[in-house]
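Please open the model in your viewer and keep the selection tool at hand. We will go from stop to stop, picking residues and looking at what surrounds them.

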Amino acid sequence: MNKLIVLGRYCFALALTAFGIQHFIYAKYAVGIGPPWIPGNPLRACFMGAALVLAGVRITANSKTRVTAMLLGFLLFLYYLFLYVPRLAANVHDPGPWTSGAEILALCGAAWALCAASPTRRSSMPGRFLFALTLIVFGVQHLLYGRFIATLIPAWIPERLFFAYGVGIAFLAAACSILANIQSRLAATLLGIMFFTWVFILHLPRVMAAAHNGNEWTSMLMALAMSGASWIVAGSAKRF
């Protein structure tokens with residue numbers, strides 16, 4: 001298996017497992033370290049948590065990865081369809097559902113790209129296409145809410161507003177590259193490096209400063225998952 005896909009698979013699986021544990025914590029306490037995407041009642045939280053942990057373990061062990069990734073993709077897609085589409089329809093100007101919904105679809109796309117990255121080498125286009133579409137959402141949000149995003153960047157980094165807008169442009173450029181399949185492997189590889197760097201310079205310090213804040217844990221794990229997803233997409237892309 002392509003080394004990029006292996007690296008991406010481990011990051012992706014680790015984040016999935018941690019997301020699953022978050023769901024169990026939420027089901028038990030309903031406060032503190034919460035789930036990555038508000039699961040509602042404890043029963044649904046436990047079901048989603050078990051599915052994510054099982055998927056994470058199986059993908060890590062590379063045990064029936066193709067089937068696991070396919071089912072995970074469908075589960076995440078249904079989760080988005082039934083929980084987030086109604087929220088978006090109710091208030092299309094609310095950035096919250098757009099962000100969380102795009103995160104779910106990004107992981108869905110990565111799962112389907114991983115499913116395609118099997119010895120049979122089936123086309124990974126549906127997964128990569130869906131992943132790229134979510135990057136457009138992230139890019140537009142960075143441009144629309146750049147001043148807010150700049151406040152999340154560590155104070156020691158100069159010109160934070162410039163970086164907030166620059167990341168938005170990078171998202172859009174990566175999306176265009178992947179959709180057009182022009183230098184898509186390079187674009188997705190660099191995107192993964194960017195997300196992975198954020199884990200340590202942006203999210204980990206925030207988690208250490210607020211260890212009981214579930215949102216900070218979720219943001220860090222999402223960056224780790226997106227780094228893995230990016231490398232999975234990069235590994236499944238053609239070399240042009």
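In which helix does Leu179 lie? Select Leu179 and you will find yourself in helix H7. Bear in mind as you look around that this is a predicted model.

**Stop 1: a nonpolar patch**

With a relative accessible area of 35%, Leu179 is partly exposed. Now add Met125, Phe129, Leu133, Ile136, Val140, Leu144, Tyr145, Phe148 and Leu152 to the selection: together with Leu179 they make a nonpolar surface patch of about 890 Å². Colour helix H5, residues 125-144, and you will have picked out the largest share of that patch, six residues.

**Stop 2: aromatic rings**

Stay with helix H7 for a moment, and then turn to the rings. A pair of aromatic rings is described by the distance of the centres and the angle of the planes. Searching the whole structure turns up nine aromatic pairs. Begin with Phe74 and Trp112: their ring centres are 5.3 Å apart and their planes stand at 70 degrees, so this pair is edge-to-face. Phe74 belongs to helix H3 (residues 65-90) and Trp112 to helix H4 (residues 95-116), so the pair ties together parts that are 38 residues apart in sequence. If you check the surface here, Phe74 is partly exposed, at a relative accessible area of 44%.

Next, select Phe171 and Trp198. How far apart are the centres of their rings, and at what angle are their planes? The centres are 6.2 Å apart and the planes are at 85 degrees, so this pair is edge-to-face. Phe171 is in helix H7 (residues 160-180) and Trp198 in helix H8, so parts that are 27 residues apart in sequence are tied together by the pair. Is Phe171 buried or exposed? Phe171 is buried, with a relative accessible area of 2%. Trp198 is buried too, with a relative accessible area of 18%, and the cut-off for that label is under 20%. Add Phe138 and Phe195 to the view, and you have a cluster of four residues, Phe138, Phe171, Phe195 and Trp198, linked by ring pairs.

**Stop 3: His203 and its surroundings**

From Trp198, move along helix H8, which covers residues 184-209, to His203. Which residues is His203 in contact with, leaving aside its neighbours within four places in sequence? They are Trp198, Ser219, Met220 and Ala223. His203 counts as buried because its relative accessibility is 12%.

**Stop 4: the salt bridge**

Side chains of opposite charge can pair when their charged atoms come close. A search of the whole structure finds one salt bridge. To see it, show the side chains of Glu216 and Arg206, which meet at 2.9 Å, N to O. Glu216 lies in helix H9 (residues 214-236) and Arg206 in helix H8, so the bridge ties together parts that are 10 residues apart in sequence. The partners sit in unlike surroundings: Glu216 counts as buried at 12% relative accessibility, whereas Arg206 is partly exposed, with a relative accessible area of 29%.

**Stop 5: charges over rings**

Select Arg87 and Tyr84. The charged end of Arg87 sits over the ring of Tyr84, 4.8 Å from the ring centre. Then jump to Arg9 and Tyr10, where the charged end of Arg9 sits over the Tyr10 ring, 5.0 Å from its centre.

**Stop 6: two loop residues**

Which loop holds Asn62? Look between helix H2 (42-61) and H3. Asn62 has a positive phi of about 55 degrees although it is not a glycine, and at 41% relative accessibility Asn62 counts as partly exposed. Now go to the loop between H7 and H8 and select Gln183. This residue is not a glycine either, yet Gln183 has a positive phi of about 55 degrees. Gln183 is partly exposed, with a relative accessible area of 48%.

**Last stop: Cys46**

Finish in helix H2, where you will find Cys46. Cys46 is partly exposed, with a relative accessible area of 32%. What does Cys46 touch, not counting residues up to four places away in sequence? Show Phe24 and Ala27 to see its contacts. For a distance to try in the viewer, pick the C-alpha atoms of Cys46 and Gln22: these residues are 24 apart along the chain, and the two atoms are separated by 9.7 Å.

Note on methods
Residues are numbered from 1 along each chain as its sequence is written. This is a predicted model: local features need pLDDT of at least 70, side-chain atom pairs count only at pLDDT 80 or more; totals for chains, interfaces and linings use all residues. Side-chain values use heavy atoms; hydrogens and water are left out. Helices (H or I, at least four residues) and strands (E, at least two) are DSSP runs, numbered from the N terminus. Buried means under 20% relative accessible area, exposed over 50%, partly exposed in between (1.4 Å probe, protein chains only). Contact means heavy atoms within 4.5 Å. Rings of Phe, Tyr and Trp (its six-membered ring) pair if their centres lie within 6.5 Å; planes under 30 degrees apart count as stacked, over 60 as edge-to-face and the rest as tilted. A charge sits over a ring if NZ of Lys or CZ of Arg is within 6 Å of the ring centre and within 35 degrees of the ring normal. Patches are made of residues with over 30% relative accessible area and no salt bridge: like charges are joined within 9 Å, nonpolar side chains (Val, Leu, Ile, Met, Phe, Trp, Tyr) within 5 Å. Accessible areas come from the Shrake-Rupley method with a 1.4 Å probe; for residues, only the protein chains shown count as cover. A salt bridge is a side-chain nitrogen of Lys or Arg within 4 Å of a carboxyl oxygen of Asp or Glu.
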